[in-house]
Amino acid sequence: MEEIQPEEEKTFEGNYIESFQKNDSDDFYPGSIISWEKKERHVLIYAEDGILELSIHSPRIIKFRYANDGYFEDDFSYAISDDYCMEETSWRFEESEESLLISTDLLNCHIYKKNMCMCIKDKEGNILAEDEKGYHWKEEKRFGGNVVISTFKCSPDDKYYGLGDKTGKLNLKGTRKELWGTDCYGYGNDTDPVYKNIPFFVGLKDKLAYGVFMDNTFRSFFDFGHERPEALSFWAQGGEMRYYFIYGPEVMTVAKEYARLTGSSPLPPKWALGYHQSKWSYYPESTVRELAATFREKKVPCDVIHLDIDYMQGYRCFTWNESRFPDPKKMISDLEADGFKTICIIDPGIKIDKYYSVYQQGVHNRYFCKRMDGAFFKGSVWPGPCHFPDFTKAKVRDWWAGLFKGLIGKDGVHGIWNDMNEPAVFEEGTFPRDIRHNYDGHACSHRKAHNVYGMQMVRATNEGQKRFSGNKRVFTITRSAYAGTQRYSSAWTGDNVATWEHLQIANTQCQRLNLSGMSFVGSDVGGFIGSPDGELYTRWIQMAVFHPFFRTHSSGDHGDKEPWVFGDDYLKIIRRFIEFRYELMPYLYSTFRQHVVDGSPILRSLFMVDQENEETWYREEEFMMGDHILICPITQKGSINRRMYLPTGNWIDFWSGKEYAGKKEIEAIAPIDQIPMKIRKGAVLPLQPPMQYVDEFEFEALKLHVYSFESEVVKSQLYEDDGLTYDFEKGSYCLRTYETIMDDNEMIIKQNFKGEFESSYTKFRVIIHGVANGKYYASVDGAKKVELSKGTNIPMVIEVPKHFKEIRISQ
């Protein structure tokens, strides 16, 4: 029989709407507006029982903050980037009989006097967001404080996307989602909550896009018309209601503006974009060396080998098991000489062991999390009973960063992987709620700090790597995250399963995370749990080639998942696709740099790039990698073809060279050695020779594949630097921009470049696809024309100096 809680013990873990409907007297509302005042970029609006502060951050961004008891909380946030600043914005304030109007050059925000509800419109009068119940709250009688809620109107045709790594349909309409970071081993399509906590979503209303970022770290819920179809509600179990409204009207604009608020990923070392091999666990040292030798022997490209928890001495963080790894520094050095980087896992649990120096330091300095009565919290993870650092305290983060002197500074480890940082413990799943945290001087319980614990751990880890890496860029991975974590770390989607369903889930999660600010993401290829057959593993590799973080990881007790264990026939295909990842590196690296600079997601769902087209609103499997590559993975066992939707534009099949017009669904042929892949017509796609690891050797010519020409200009980019250091920040980079166009039967390719970096190759091999057979004549930078020929199924090829400015080709 289900246990019935006493009245005073009832909580609001689930559906607050249902509770409110049963006892509406528990609802509290601000009431009607009494007065208001303007303060620089802010408007303070006073109601009978509440205050609203509106801050105009830019023509597109308005921040809402609500207070119930006459005062606001400290306006402190872990999410907002230190680099973010409000734009210089002209705005106007007007009063009418019914409302107050705050307007920018792009938005009109009405605040109604009778109930302090808001309505935001664009300049054409289109409603973007409108309060239904508006802001209200309910007393949280068990823990104190309030459950704070905002409720917008929801129309039947509205669409919603985002919220990080949520499973299920890409469009969130009709669902309710919870943000409370959870260790969800073997999760499925209906599992919620999951690992990450990103309270940001994008709404698409009448083809106009806006975003809402609720910057509240308490346990949160988002109801997209699930309980009441006419209502979109989001609420948190404490803190203040604070959200940013972000206007597009393009989805990509919303994504970029959100990235401006919370930051983009830093430019990683290029090797981090190579292929990673991991397992729980590779040990002893002889096994790791054998693994590396087998990669090179079988000519399967690989840049990184991961060491899971069994490299440690009794799972004590920052230690080595000396019997398994007697000389880790030499092993890491030898691996590096053969092109391999080494990554080690570090969890937050510090083993309770009075002879263990990390434990001694944590106890002596009182760096560990405490219960409300002052005792250190004890929870069990892999080492057994542990204490856990309070990463929300600056001194603790500084101490933690210093602990990497051995792994990074002495032993030469190249990257750190943070796991179990939801935080996870074996007894109750996570920490008790009475744990006390410093929260950078804003003391709180675990109810507020839980969702940022993993973020602050990886922040400290990232700082530790920087401290001991000199001028070299660092690489960090995390399982848990809050908004803004991308400033410190990449991420993966957690403990997935070797099934075809999970191949689809990984696709959806990575698309959703990219919209939610986290572009440097990937899944455990082949599934962490269970054993895929060769077909599933091959199809997963084919998709993951186009995900920014590309790693096979597995639980060792479920069998091996190295690329060669599935037989020679599959190995040939797997090898070829991993090789293609390395050929694609110039394009991927350039796309990553675009994300760093302007926040453009690396992976883009079709609704992000073609939102005017209603067909894209519900498409989930097709995605863009950067500006020009369209992918549709094979996600059904035994399939050698599938339906694939092409967004607006013209597209060229990568395999056959056939041209397709967009805005239609096609039958995509995909035998086991192919993945449906189209290239935007007019694109310039830079490809390098296949390598066994990043920058294995220098080459004479970089290939520029030009996919025919459009009657309008198509732009492409190629970004280059040394791929390893921060010298690019001092100007040591080269950014090449390309424009292609068909103008009066003349094919034109233009190149502009800036920056001081000089790549080692001396020329481009320009390969032109999709033009008719026959004789052609090409002129480079106005020089004498040279004759070219184009045969059947043979692209046109011309070699040019790498600093060319213009190529003109005609018949």
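I call a residue buried under 20% relative accessible area, exposed over 50%, and partly exposed in between. The model I am reading is predicted.

**Entry 1: Arg643 and Glu665**

I looked up Arg643 to begin with. Its relative accessible area is 40%, so I count Arg643 as partly exposed. Glu665 has 34%, so Glu665 is also partly exposed. The two residues form a salt bridge, with the closest N and O atoms 3.3 Å apart. I then placed them along the chain. Arg643 sits in strand S37 (residues 641-646) and Glu665 in strand S40 (residues 664-669). The pair links distant parts of the chain, 22 residues apart.

**Entry 2: around Asp75**

Which residue does Lys63 bridge to? I found Asp75, with the closest N and O atoms at 2.7 Å. Lys63 belongs to strand S4 (residues 61-67), while Asp75 lies in the loop between S4 and strand S5 (92-95), so this salt bridge ties together parts twelve residues apart in sequence.

Asp75 also forms a salt bridge with Arg65. Here the closest N and O atoms are 3.9 Å apart. Arg65 lies in strand S4 and Asp75 in the loop between S4 and S5, so the tie spans ten residues of sequence.

Buried or exposed? I checked each of the three residues in turn. Lys63 has a relative accessible area of 5%, so I enter Lys63 as buried. Arg65 is buried too, at 5%. Asp75 comes out partly exposed, at 43%.

I followed the shared partners outward. Salt bridges join Glu53, Lys63, Arg65, Asp75, Asp215, Glu240 and Arg242 into one network. For the whole model, I note a count of 62 salt bridges.

**Entry 3: the six-stranded sheet**

Next I traced a sheet. Six strands form an open sheet, and I read their order as S44-S45-S46-S51-S48-S49. The pairing is antiparallel. Which strands lie at the edges? They are S44 (714-720) and S49 (786-790), each pairing on one side only. From one strand to the next, the twist averages 20°.

I then went to the S48 end of the order. Strand S48 (residues 774-780) pairs with S49 in the antiparallel sense, over five bridges. Within this pairing I located Tyr776, which stands opposite Leu788 in S49.

What packs on the sheet? I found helix H12 (residues 585-598) there, touching S44 and strand S45 (734-743). The direction of H12 makes about 95° with that of S44.

Technical notes:
Residues are numbered from 1 along each chain as its sequence is written. This is a predicted model: local features need pLDDT of at least 70, side-chain atom pairs count only at pLDDT 80 or more; totals for chains, interfaces and linings use all residues. Side-chain values use heavy atoms; hydrogens and water are left out. Two strands pair if DSSP finds at least two bridges between them. Helices (H or I, at least four residues) and strands (E, at least two) are DSSP runs, numbered from the N terminus. Axes are lines fitted to C-alpha atoms, for helices over the stretch in contact, and angles run from 0 to 180 degrees between N-to-C directions. Contact means heavy atoms within 4.5 Å. A salt bridge is a side-chain nitrogen of Lys or Arg within 4 Å of a carboxyl oxygen of Asp or Glu. Buried means under 20% relative accessible area, exposed over 50%, partly exposed in between (1.4 Å probe, protein chains only).
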